[in-house]
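Grab a coffee and work through these exercises with the model open in your viewer. Try each task before you read the solution under it.

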Amino acid sequence: MPAFRQVGEKQLPNPILCMSWSPKRDLIALANTTGELLLHRLASFQRVWSLPPIECTGKEISAIAWRPDGKILAFSLRDTKQVVLCGVEKAEILHVFPMQNPVTCMHWMEVTEESSALDSFYNSEDESKLFLPKLPTLPKSYSTTSKIFSEEKSDEIMNLLGEVRLNILVLGGDAGFVELYAYGMYKIATLTGVSGTCRSLSLSSDLKSLSVITEVRSADNNPEICYVQLDTGLLSDCLPEVTRMARKFTHISTLLQYLHLSLTCMCEAWEDILMQMDLRLTKFVQEKNTSTQVQDEFLELLLWGQSSPELQALLMNQLTVKGLKKLGQSIESSYSSIQKLVISHLQSGSEALLYHLSEVKGMSLWKQKFEPLGLDSEAIEGAITAVGSFSLKANELLQVIDKSMKNFKAFFRWLYVAMLRMCEEHVPPELNKMTQKDIAFVADFLSEHFSENEELFDRKGKYFNVERVGQYLKDEDDDLVSPPNTKGNQWLKFLQESAHLKESPLLFPSYPQKSLHFVKRTMESVIEQCLQKPAEVIGKSVKQAVFLPLYTVPESSENTPRLFELPSLWNDKKAKMHHILFCMPEISPSKLYLLRKPTDPNRHIPNSVMSIDLSHHLDDAAAAQPNCVYSCLDARFYDDEMLTVVLQGSDEQSKRRVLAQVPLASTLSCESEFKWEPNKRLDQQSGNIPYQSLVLGNQWRELESMKAQFVAVNGIRKVACVLSANLRHIRVFEMDVEDEDDEGAESQNTSADQDVLDSTMSSTGQGGEERAVADDDAAGQRGDVLKNTEERLESEEALELG
C-alpha cells in the first residue's frame with residue numbers, strides 16, 4: 001500500500017518559480033515565469049484565483065511569503081523593485097511599497113514569546129475604537145487610475161493590520177540588503193554588514209537572532225554558500241516596547257494609505273467639465289473685437305438686460321441653455337461629492353492620525369523604555385504639526401466649496417433666466433424673482449471671478465479662474481492661482497500683531513498659497529522621516545554573531561532557480577534552535593547535512609553539525625537492487641522532528657524518483673561532536689562530520705512517470721507539493737494518509753492524468769498531434785490512457801530538460 005495519498009496532479013502551461021503553502025488553510029500559492037500569481041486548493045489542485053501581472057507593479061516575481069494568519073500574501077518583483085501585499089480572499093492588491101534593491105528572498109514570522117506587559121497590551125490595543133469613529137468605506141464607484149485598487153478598499157486597507165501579536169516580514173536582496181517590516185507594513189530595521197546576495201532568511205520566533213544564507217564570491221571568483229547569524233537582541237530585550245511602537249506606526253502607515261485613496265477619490269469626483277467656463281471665456285476674450293472687459297459685458301447684461309453680439313453668440317452658440325443646465329448640475333454633483341469625502345474621510349483620517357501620533361509622542365517621552373529604540377519626541381512633534389496643517393487645508397477646501405456652491409448657484413440661476421429671455425422663451429415664475437440683494441451678490445461674484453488675469457494666462461493658458469476647487473486637487477508644486485481672500489479676517493490679524501502667538505508651536509501653519517496635494521505630500525515626507533529613525537537605530541544595534549562558509553556552488557546548478565535551491569532554513573520554536581539543511585553533491589552526493597545553531601548567539605551546543613547517509617535500502621521488499629544508492633534532490637522541514645525529501649537513484653536507476661519522510665530523532669541524538677576548523681570551509685573538512693545511517697521503513701513513495709525535483713511542504717496541514725525538473729508538472733499529496741488500495745490509486749491516477757490531458761490539449765504549443773492521439777486513446781480503455789500519459793509526460797520533461 002503506497003504511503004501518502006495523491007490528491008491532485010497538473011501539467012501547467014508555464015514554468016513555476018515559487019511555491020508556498022498557506023500556514024492556516026489547504027491553499028498553495030504559485031508564481032510562474034510570466035509574472036502571474038496563482039492560488040490553488042489542495043482538493044484536486046483546483047485553482048481558486050489568478051492575479052495577472054500589472055504594468056505598475058511588475059512581471060518578474062522573485063519571492064513569495066504568507067502572513068502567519070494566512071490572510072495576506074506578500075510577493076516581490078525584481079524588475080520594478082517593489083513588494084506587494086495581496087488579499088487572499090479577493091485577490092486584491094492592498095499595498096505596494098518600493099525597495100532600494102531587488103528582493104531575492106523573504107520570510108514572514110510571528111513572535112511566540114509571552115509576557116505580562118504584552119498581555120496587557122493585547123487586551124488594551126483596541127482602546128482607539130472607544131475614542132475614534134470607524135473610518136467610512138470609500139464609494140463603490142471608486143476606481144483609481146493606478147488600476148490596482150478596487151471598490152470598498154478602505155475596509156481591506158484597515159485589515160492590513162491583522163492580529164495584535166507582532167509579526168515581521170523579513171526581506172533580503174543583493175549586496176547584503178536586509179530589511180524588517182513589522183506587520184508587513186512598517187520598516188522596523190534596516191540591516192547592514194551582510195556580505196553577498198541573500199538566498200534564504202529565518203528570524204527566530206523569540207527575536208534573538210536572524211539566520212541568513214548568502215552567496216559570496218570567493219577569492220577565485222567561485223560562488224560560495226555561507227551561513228550568517230545576526231544578533232537581534234535589542235528586538236528581543238525590548239519586545240513589549242517594540243510591539244507597541246510597531247503597532248502604532250503600522251496604524252499610521254495604514255491611515256496614510258487610507259488618506260491617499262480618499263484624496264484620489266476626490267480627484268476623480270472633480271470633472272474636467274468644470275473647466276469649460278474658464279476655457280470658453282478665454283476663447284471669447286481672444287476672439288472678441290471690442291476693448292471692453294468681460295466682467296463689464298456681464299455687468300451690462302445684469303443691470304440693463306442687454307448684451308453685445310459677441311457675448312450673445314458665446315452664450316447662445318457655445319454655452320447654450322442646455323449646456324449651462326448640464327454644467328450647473330455637474331458642478332453641484334461634483335462639489336457635493338468632494339465635500340462629503342472631505343468631511344467623512346479626510347477629516348476622520350486626520351483625526352485618527354493625530355490620535356495615534358499623540359500616543360507615540362507619549363511613548364517617546366518615556367525615555368527609559370523607548371529612547372533605545374530611536375523614538376524622537378521632536379520629530380514626532382513635527383509630524384503632529386504636519387497633520388494639523390493638512391487638517392487646516394482640508395477645512396479651507398470645505399469653505400471654498402461652500403462659497404463656490406453658493407456663488408455658482410446664484411450666478412447660474414441669473415444667467416439661465418437671461419439666456420431664456422434672449423431665446424424669447426418662457427421664464428418660470430419661481431426663477432423670475434430676483435431681489436436687490438441677489439443682484440448685488442451676482443455683481444460681487446462677477447467682479448471677483450471675471451477679471452482678466454494676464455499672469456494666469458502666461459502660466460495656465462487661460463485668463464480666468466472662475467472654478468476655484470480644482471486647483472486644490474492638482475498634484476503640483478505651484479502656488480494656488482486664486483488663494484482664499486483673507487482680508488478682514490480678525491483671527492489672522494490678531495496673530496500677525498501678536499509676537500508670542502505668531503511663532504507658537506501650539507498653532508499649526510496653514511500654507512494659504514499651497515494646494516491640498518502639496519500639503520499632503522509634505523505631511524507624508526515629515527511622517528516618513530519620523531518613522532525612519534527607529535529603523536536606523538535598531539538596524540545599527542544588530543551585529544554579526546556567526547559567519548560560517550559552507551561549500552562552493554557546483555557549476556551544474558548555476559541555471560537552477562535560486563528559490564528552490566538548498567540550503568533550507570527552519571526555526572524550532574520549542575527547542576529555540578535554527579536548523580540549516582543542505583547538500584554538498586560535489587563532495588558527498590549521498591549525504592544530507594544538518595547544521596544546528598541556538599537562537600541565542602551566546603548559547604553553545606556540542607553536536608552542531610551532522611549528516612544523514614542515504615546509501616541504504618528504502619524497503620527490503622521494494623528494493624530493486626541490493627546496493628542501490630540515493631542522492632538528495634530537495635529537502636524541506638516537515639516539522640521539528642521530520643524532513644520531507646525527494647531522492648534520486650544512482651546512475652543505473654537515475655529514472656527512479658522517491659518522495660520520503662525522514663525522522664530526525666536518531667540524527668539529533670548523535671553524541672559525536674564535530675570540531676570546526678575556523679580557517680576552512682565545511683566541505684574541506686566534511687570527512688570529519690559524524691553521520692547516521694537511516695532506514696525509512698514504509699514512509700516513502702516512488703514517483704512514477706515524473707522527474708520530480710523540488711518539494712514544498714506544510715507539516716501543520718500535513719500536505720506536500722512535488723514539482724518536476726521542468727518546473728511544470730505538479731503532484732499534491734496528503735502526507736498522513738495512505739492510498740486505500742491499488743484499484744483506488746489507479747483510478748485516482750487515471751483521473752489526474754486525464755486532467756493533465758485536458759489541460760495540455762487546451763494550451764497552445766508543440767505536440768498537437770500527440771495530444772490528438774492521446775485524446776483518441778482517452779476514449780478507449782483506462783489502462784491505455786494511463787500508459788500513454790506516462791510516456792508523454794516523461795518525453796516532454798526529457799525534451800525540456802535537454
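**Exercise 1: Met-109 and its surroundings**

Met-109 has a relative accessible area of 5%, so it is buried. Keep in mind that you're looking at a predicted model.

Task: find out which strand holds Met-109, and which residues beyond its close sequence neighbours are in contact with Met-109.

Solution. Start with the secondary structure: Met-109 lies in strand β10. Next, skip anything within four places in sequence and list the contacts: Pro-68, Asn-167, Ile-168, Leu-203, Ser-204, Ser-205 and Leu-207. Now pick Leu-207 and check the distance: 98 residues separate Met-109 from Leu-207 in sequence, yet their C-alpha atoms are 9.8 Å apart in space.

**Exercise 2: The sheet that contains β10**

Task: work out the strand order of the open sheet that includes β10, and say which strands are at the edges.

Solution. Trace the pairing and you get 4 strands in the order β10-β11-β12-β13, paired antiparallel. The edges are β10 (103–110) and β13 (186–191), each of which pairs on one side only. From one strand to the next, the twist averages 20 degrees.

Go to the middle of the sheet now. Strand β11 (residues 167–173) and strand β12 (residues 178–182) run antiparallel and are joined by 5 bridges. Follow Val-170 across and you land on its bridge partner in β12, Leu-180. Then look for what packs on this sheet: helix α5 (residues 239–269) touches β12 and β13, and its direction makes about 120 degrees with that of β13.

**Exercise 3: Two positive phi values**

Task: look up phi for Tyr-183 and for Lys-718, then decide whether each residue is buried, partly exposed or exposed.

Solution. A bit of background: most residues other than glycine have a negative phi. Tyr-183 has a phi near 55 degrees, a positive value in a non-glycine residue. Tyr-183 lies in the loop between β12 and β13. With a relative accessible area of 1%, Tyr-183 falls under the 20% cut-off and so is buried.

Now for Lys-718, where phi is near 60 degrees, again positive in a residue that isn't glycine. Lys-718 lies in the loop between β27 (708–714) and β28 (719–724). Its relative accessibility is 36%, so Lys-718 counts as partly exposed.

**Exercise 4: Strand β20 and its partners**

Task: count how many residues of strand β20 are buried, then identify how β20 pairs with β19 and with β21.

Solution. Run along residues 588–598: 10 of the 11 residues of β20 are buried, so the strand is largely enclosed by the rest of the structure. On one pairing, 8 bridges join β20 to strand β19 (residues 577–584), and the two run antiparallel. A hairpin of 3 residues connects β19 to β20. To check the register, take Cys-583, whose bridge partner in β20 is Leu-592.

Then turn to strand β21 (residues 609–613), which pairs with β20 in the antiparallel sense over 5 bridges. Here Leu-594 stands opposite Met-610 of β21.

**Exercise 5: Ser-202**

Task: is Ser-202 buried or exposed, and what does it contact?

Solution. Locate Ser-202 in strand β14 (residues 197–203). Its relative accessibility is 4%, so Ser-202 counts as buried. Leave out neighbours within four places in sequence, and the contacts of Ser-202 include His-107, Ser-209, Leu-569, Trp-570 and His-578.

**Exercise 6: A cavity and a second sheet**

Task: how many cavities of 30 Å³ or more are there, and what lines the largest cavity?

Solution. The count is 4 cavities of 30 Å³ or more. The largest has a volume of about 60 Å³. Among its lining residues are Gly-35, Leu-51, Pro-52, Ile-61, Phe-75 and Ile-93. Sort the whole lining by class and you find 9 nonpolar, 3 polar and no charged residues.

Next, look at the open sheet of 4 strands ordered β6-β7-β8-β9, with antiparallel pairing. Its edge strands are β6 (61–66) and β9 (92–98). β6 pairs with strand β7 (residues 72–77) in the antiparallel sense over 5 bridges. Ile-64 stands opposite Phe-75 in β7, and Phe-75 is also one of the residues lining the largest cavity.

Note on methods: Residues are numbered from 1 along each chain as its sequence is written. This is a predicted model: local features need pLDDT of at least 70, side-chain atom pairs count only at pLDDT 80 or more; totals for chains, interfaces and linings use all residues. Side-chain values use heavy atoms; hydrogens and water are left out. Buried means under 20% relative accessible area, exposed over 50%, partly exposed in between (1.4 Å probe, protein chains only). Two strands pair if DSSP finds at least two bridges between them. On a 1 Å grid over the protein atoms alone, a cavity is a set of points where a 1.4 Å probe fits but cannot get out, and a pocket is an open set with protein on both sides within 12 Å along at least five of seven lines; lining residues have an atom within 4 Å of a point. Grid points are joined across faces, edges and corners, and a volume is the space filled by probe spheres set on the points. Ala, Val, Leu, Ile, Met, Phe, Trp, Tyr, Cys and Pro count as nonpolar, Asp, Glu, Lys and Arg as charged, and the others, Gly among them, as polar. Axes are lines fitted to C-alpha atoms, for helices over the stretch in contact, and angles run from 0 to 180 degrees between N-to-C directions. Contact means heavy atoms within 4.5 Å.
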